[in-house]
Amino acid sequence: MPVDIDEAARLYRRAAEQSNPLGQFNLGLCYVIGRGVPQDDTEAARLFRLAAEQGHAVAQINIGRLLLVAAAAGSVLPAAPGEAIRFLAQAAQQTG
């Protein structure tokens, strides 16, 4: 069965709009790679942050990574190493 990424992104958006951390995380991934939605690191970071604040460990890792590399040339995100470390530490506590 072929994957309909546009439909997947639509369903992830519905879940994200209901504050579902898995929907927020998966829609964030869609924005990172530009599948089913336009590529947008700012929106991906917003969604990862929402999921991370609800305890989603992989979202915590992803928002931490995005914030750490934001200092690199060409990033649309503001550099926030302190916030990145906070999210990464939260993920580490969960995953042991």
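What follows is a chat between a trainee and a mentor about this predicted model.

Mentor: Quick ground rules: residues are numbered from 1 along each chain as its sequence is written, and side-chain values use heavy atoms, with hydrogens and water left out. As this is a predicted model, local features need pLDDT of at least 70 and side-chain atom pairs count only at pLDDT 80 or more, while totals for chains, interfaces and linings use all residues.

Trainee: How many helices and strands does the protein have?
Mentor: Helices (H or I, at least four residues) and strands (E, at least two) are DSSP runs, numbered from the N terminus. From that end, the elements run α-α-α-α-α. The tally is five helices and zero strands.

Trainee: What radius of gyration does the protein have, next to that of a compact globule?
Mentor: The radius is taken over C-alpha atoms, and the globule rule is 2.2 Å times the number of residues to the power 0.38. With 96 residues, that rule gives a value near 12 Å, and the protein agrees with it at 13 Å.

Trainee: What share of the residues count as buried?
Mentor: Buried means under 20% relative accessible area, exposed over 50%, and partly exposed in between (1.4 Å probe, protein chains only). Of the 96 residues, the buried share is 35%.

Trainee: Which helix supplies the largest share of the largest nonpolar core?
Mentor: Such a core is a set of buried Ala, Val, Leu, Ile, Met, Phe, Trp, Tyr and Cys residues joined through side-chain atoms within 4.5 Å. This one has 22 residues, and L27, Y31, V37, F48, I63 and L67 touch the most other members. α1 (5-17), α2 (21-33), α3 (41-53), α4 (57-69) and α5 (81-95) each supply at least two residues. The largest share, six residues, comes from α3.

Trainee: Which residues is V37 in contact with, leaving aside neighbours within four places in sequence?
Mentor: Contact means heavy atoms within 4.5 Å. V37 is one of the core residues that touch the most other members. Its partners beyond those neighbours are A9, R13, L27, C30 and Y31.

Trainee: Does N20 count as buried, partly exposed or exposed, and why?
Mentor: N20 lies in the loop between α1 and α2. Because its relative accessibility is 33%, N20 counts as partly exposed.

Trainee: And V3, buried or exposed?
Mentor: V3 sits in the segment before α1. Its C-alpha atom is separated by 27 Å from that of A52, 49 residues apart along the chain. With 73% relative accessibility, V3 counts as exposed.
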